[in-house]
Amino acid sequence: ATAAGFELADGTAIGVDEYRFRLASTKAGALLSWITDLESQGIELSSINLKGGEGGFVSADVRVRRKI
């Protein structure tokens, strides 16, 4: 996430193949585009919880895992 320009509020590995992270504020379109790119690299979205903010920004709780 940080390599893609997102500022992590926190993040934690879950086992070997899963990761959970939170973004305090990001553009929804940029986040969803990045998640689509991850899927082409073998990482899939497990869950996402978006909370709307002002100006097209959202906070997000995201969980991803390596595709098996």
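Visitor: Is Arg 63 buried, partly exposed or exposed?

Guide: The model is predicted. Burial requires under 20% relative accessible area, and exposure requires over 50%. The relative accessible area of Arg 63 is 29%, so this residue counts as partly exposed.

Visitor: With which residue does Glu 18 form a salt bridge?

Guide: Glu 18 lies in strand β2, and its partner lies in strand β4 (residues 57-66), 45 residues apart. Glu 18 is itself partly exposed, with a relative accessible area of 22%. The closest N and O atoms of the pair are 2.8 Å apart, and the partner is Arg 63.

Visitor: Which residue in β4 stands opposite Glu 18?

Guide: Strands β2 and β4 pair in the antiparallel sense over 8 bridges. The salt-bridge partner of Glu 18 is Arg 63. The residue that stands opposite Glu 18 in β4, however, is Arg 65.

Visitor: How many residues apart in sequence are the parts that Glu 44 and Arg 65 tie together?

Guide: Glu 44 and Arg 65 form a salt bridge, with their closest N and O atoms 2.8 Å apart. Glu 44 lies in strand β3 (residues 43-52) and Arg 65 in strand β4, so the pair ties together parts whose separation in sequence is 21 residues.

Visitor: Is Arg 65 buried, partly exposed or exposed?

Guide: Its salt-bridge partner, Glu 44, has a relative accessible area of 25% and is partly exposed. For Arg 65 the relative accessibility is 33%, so Arg 65 counts as partly exposed.

Visitor: Which residues are joined into one network by salt bridges that share partners?

Guide: Asp 10 in strand β1 (residues 8-14) and Arg 20 in strand β2 (residues 18-27) are 10 residues apart. These two form a salt bridge, the closest N and O atoms being 3.1 Å apart. Through shared partners, the network consists of Asp 10, Arg 20 and Arg 22.

Visitor: Which strands stand at the edges of the sheet?

Guide: The open sheet is formed by 4 strands in the order β1-β2-β4-β3, with antiparallel pairing. A strand at the edge has a single partner strand, so one of its sides is left without a neighbour in the sheet. The edge strands are β1 and β3.

Visitor: What angle does the direction of helix α1 make with that of β3?

Guide: From one strand to the next, the twist of the sheet averages 15°. Helix α1 (residues 28-40) packs on this sheet and touches β2, β3 and β4. Its direction and that of β3 make an angle of about 170°.

Note on methods: Residues numbered from 1 in each chain as written. Predicted model: local features only at pLDDT ≥ 70, side-chain atom pairs only at ≥ 80, totals over all residues. Heavy atoms only, no water. Salt bridge = Lys/Arg side-chain N within 4 Å of Asp/Glu carboxyl O. Helix = DSSP H or I, 4+ residues; strand = E, 2+ residues; numbered from the N terminus. Buried < 20%, exposed > 50% of the residue type's maximum accessible area, 1.4 Å probe, protein only. Pairing = 2+ DSSP bridges. Axes fitted to C-alpha atoms, helices over the stretch in contact; angles between N-to-C directions. Contact = heavy atoms within 4.5 Å.
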